[in-house]
Amino acid sequence: MAGSSVSVDYADAMITTPIAAGDWLIVAPSLITMLGGALCLMLRKHTDLQPKLGITLLGVLVLASFALLVRVLDHGVITMVMGNWLPPFGIAVTADTLGATLTFIGSVVAFCAGVFGMKTVSNSGRRYGFYPFLLLLMTGVCGSFLTADIFNLYVWFEVLLISSYGLLILGNDRIQLDGAVKYGVLNLVGTNLFLIATGLLYGIFGTLNMADIAIKVAELENPASGTLATVAALYFLAFAMKAAAFPVNFWLPASYHTPNIVVSAVFAGLLTKVGVYALIRIFVLILPASLGYMADIFGLVAIVTLMTGALGALAQTEIRRLLGYLVIAGIGSMLAGVAVASNSEVATLAISGAIFYAVHSIIVMTALYMSAGIMNMMGGSYNLRKLGGLYQKSIAFAGVFLILAFAVSGLPPFSGFWPKIMLVDAAFKDDRFWLGAAILVSGFLTTLAMGRIWIFAFWRGGPEGTPDGKSVEVSGSSQSDLASGAIWLPLGILTALVVYFGIQPEWMIELSTQGASSVVDPLGYIRSVFGEQG
Amino acid sequence: MRTVIFRTIAPYLAALMVLFSIFVLLRGHNEPGGGFIGGLIAASALAIFGIACGVASVRRAIVFHPMGISGFGLFIGALAGVVSFFRGQAFMTSQWLIFDFFDVEVALSTPLVFDIGVYLVVVGAIGSIALALEERESD
């Protein structure tokens, strides 16, 4: 330590070799958003400067996370240990293809939301801190995707949760506080379970480094022991809450329709997927034996979640609540992938399906919530009974909505089709016919739910009660904003991605297969954390 | 609450507490203390000053909005970790600058900057909550 004259051999405790400058890309996503969020916080009163600064920083984030993805594809898994301490004592931040892909897609979505927010977030929303919160939310999201330390994962969860509370109550409406209480209480319970499970895990293994735990779990004689089973069950419940899986899904439709539409869009795209990501990381990478005997529970939860989501969506007339249920249905599909991953023969296929589905769901759910916002601007309501005649108002928007509707239902040729094929294929190969059937039935019901929006909001001439063949003009809530590129550009980018991943799926299949193999076969991950001797 | 005794003593008490919080902040690296606990002490100084002399005078005294102070703390805290980039070391590796100043050894370091960042974040965040609560009470 400083000032001591004793000579110390630092090589016993610290990494002494220089770090390649490119490895700094691992911390870049969190660092850029943290510094940017702090800067935006200081300049909170300058409401006209906020969007410019925020969107620029989110643009830099997109570039940095793309550079990180490219570097991971070139160099394989890369690791940087904070403070140069040797792992497992230093906190390792590790980017594999899974983390880097999700970081990149998440950054693109955040950028789109930042642009969309230029019009939908008022000056008072900016003063309340929309851009700082959005940036700090991304700090937490990117940090979660890239950390290799389980307690650090908890910290990033807290960072993203606190920012999400801020975004949720932006504007302080009565209904927002009501939604925030439900969201807050459930997440509080969830993160506490997460913390308790982490404490137990540390008690068992004496380490928090995921790679180190993976090694120690693999060396256990009895990996199905009671204590470890408790830890696994607690993690499952905690992340299922975060991901809004049945039976802890009720908070999502109860809160996601309350905030500003762009906030709903970001939440629907990113937050639940962080929970699914954590499930994949914990169960496939470090607790595969626990996944083995919990697979049937995962499968059952997946089936019920798929059905709850799809049936709930059919029953709703509020578009935002309807979309909330579709988010839940998507979570069911990803859980199905995790359940099938217990069979090592199809694990890579199943997890790559889940990863691709997560990517697809991040993009398409954000785009759908943005479309709901545009429908409100055009038709003046989020209620299917009051909407109508939007097809006449904008044929192009109707087309975009139809693309997104096809994609979320899993119909070709859009992005939802391929991951569903992979997941159903994996489920059938694992002899889980009910799981495969549930994915297909849920997709069919989703098609019906989206068809209802399409028929009522777009094809019908006017609000409920308009006779066939007649058209009634509905007045929008903010027609003037519809001329702005800030509304159409983000929706365009996201729809283009949906179409691209549908028509050219090879790149994303390649990425998700690589990402899946890095968690299914963790050797590369462990080597990257501990150096070659690991 | 606003008795004469309290109003007379509060400014001195607040000043002492801020001074003590800085002392706690600076001794924090090798001994008990540090940015978090120092920040809490400083935030309670603001709270006491606010109860005695009104929130408006606290806001005038600290010049910047508490959330701005928080943001600045977060900014320098994160920036302190970046210094190691220029020496080819990992994020957050501590850098030390040790020199003698009139025969007293002074150790400046990035952990110190980080700790000052934590201190400011805590002062800003807790101070902002405390002032908001006190403001509501006086309505």
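These notebook entries record what I looked up in a predicted model of two chains, A and B.

**Entry 1. Overall build of chain A**

I began with the secondary structure of chain A, which has 21 helices and two strands. Along the principal axes, I found that the C-alpha atoms of chain A fill a box of roughly 85 × 60 × 40 Å. I then compared its radius of gyration with the expectation for a compact globule of 534 residues: the expected value is near 24 Å and chain A has 23 Å, so the two agree. Of the 534 residues of chain A, 61% are buried. I also looked at contacts in chain A with a separation of 6 or more, and 80% of them come from residues 24 or more positions apart.

**Entry 2. Annotated region of chain A**

I consulted the UniProt record, an unreviewed entry, which assigns "domain: NADH:quinone oxidoreductase/Mrp antiporter transmembrane" to residues 149-446 of chain A. In the model, I note that residues 149-446 of chain A are 80% helix and 0% strand. The end C-alpha atoms of this stretch are 37 Å apart.

**Entry 3. The nonpolar core**

Which residues touch the most other members of the largest nonpolar core? I found A:Leu134 and A:Val338, in a core of 248 residues. Helix α14 (residues 347-379) of chain A gives the most to this core, with 22 residues. I then listed the partners of A:Val338, leaving out residues up to four places away in sequence: they are A:Leu279, A:Ile280, A:Phe283, A:Val284, A:Phe298 and A:Ala354.

**Entry 4. A:Trp418**

I located A:Trp418 in helix α17 (residues 417-429) of chain A. Is A:Trp418 buried or exposed? I record A:Trp418 as buried, because 23 other C-beta atoms lie within 10 Å and the cut-off for a buried residue is 20 or more. Not counting residues up to four places away in sequence, A:Trp418 touches A:Phe356, A:Pro505 and A:Ile509. I also checked A:Trp418 against A:Leu53: they are 365 residues apart in sequence, and their C-alpha atoms are 37 Å apart in space.

**Entry 5. Backbone exceptions in chain A**

For background, I note that most residues other than glycine have a negative phi, and most peptide bonds are trans. I found a cis peptide bond between A:Pro87 and A:Pro88, with omega about 5°. A:Pro88 is in the loop between β1 and β2 (92-95) of chain A. A cis peptide bond also joins A:Phe246 and A:Pro247, with omega about 0°. A:Pro247 is in the loop between α9 (226-243) and α10 (251-255) of chain A.

I next looked up A:Asp431, which is not a glycine and has a positive phi near 60°. A:Asp431 lies in the loop between α17 and α18 (433-459) of chain A. I count A:Asp431 as exposed, because it has 11 C-beta neighbours inside 10 Å and the cut-off for an exposed residue is 12 or fewer.

**Entry 6. Overall build of chain B**

Turning to chain B, I found five helices and two strands. From the N terminus on, the order of elements is α-α-α-α-β-β-α. The C-alpha atoms of chain B fill a box of roughly 55 × 30 × 25 Å along the principal axes. Of its 139 residues, 40% count as buried. The UniProt record, an unreviewed entry, lists "domain: Na+/H+ antiporter MnhB subunit-related protein" for residues 5-126 of chain B. I note that residues 5-126 of chain B are 68% helix and 10% strand, with end C-alpha atoms 26 Å apart.

**Entry 7. The hairpin and a loop residue of chain B**

I examined strand β1 (residues 96-101) of chain B, which lies largely in the open because zero of its six residues are buried. β1(B) pairs with strand β2 (residues 104-109) of chain B in the antiparallel sense over six bridges. Across this pair, B:Phe99 stands opposite B:Val106 in β2(B). The hairpin has two residues between the strands, and B:Phe102 takes a positive phi near 50°.

I found a positive phi of about 60° at B:Val63, which is not a glycine. B:Val63 is in the loop between α3 (55-62) and α4 (66-82) of chain B. With 8 C-beta neighbours inside 10 Å, B:Val63 counts as exposed.

**Entry 8. Where the chains meet**

I closed with the interface, where 20 residues of chain A are in contact with 22 residues of chain B. On the side of chain A that touches chain B, α1 (28-42) and β1 (78-81) of chain A each supply at least two residues. α1(A) gives the most to this side, with seven residues. By class, I record 16 nonpolar, three polar and one charged residues on the side of chain A that touches chain B.

Methods: Residues are numbered from 1 along each chain as its sequence is written. Chains are lettered from A and ligands numbered from 1 in the order in which they are written. This is a predicted model: local features need pLDDT of at least 70, side-chain atom pairs count only at pLDDT 80 or more; totals for chains, interfaces and linings use all residues. Two residues are in contact if their C-beta atoms, placed from the backbone, lie within 7 Å. Helices (H or I, at least four residues) and strands (E, at least two) are DSSP runs, numbered from the N terminus. Ala, Val, Leu, Ile, Met, Phe, Trp, Tyr, Cys and Pro count as nonpolar, Asp, Glu, Lys and Arg as charged, and the others, Gly among them, as polar. UniProt positions are given in the numbering used here, feature names are shortened, and annotations may be inferred rather than shown by experiment. Two strands pair if DSSP finds at least two bridges between them. The radius of gyration is taken over C-alpha atoms; the globule rule is 2.2 Å times the number of residues to the power 0.38. A nonpolar core is a set of buried Ala, Val, Leu, Ile, Met, Phe, Trp, Tyr and Cys residues joined through C-beta atoms within 7 Å.
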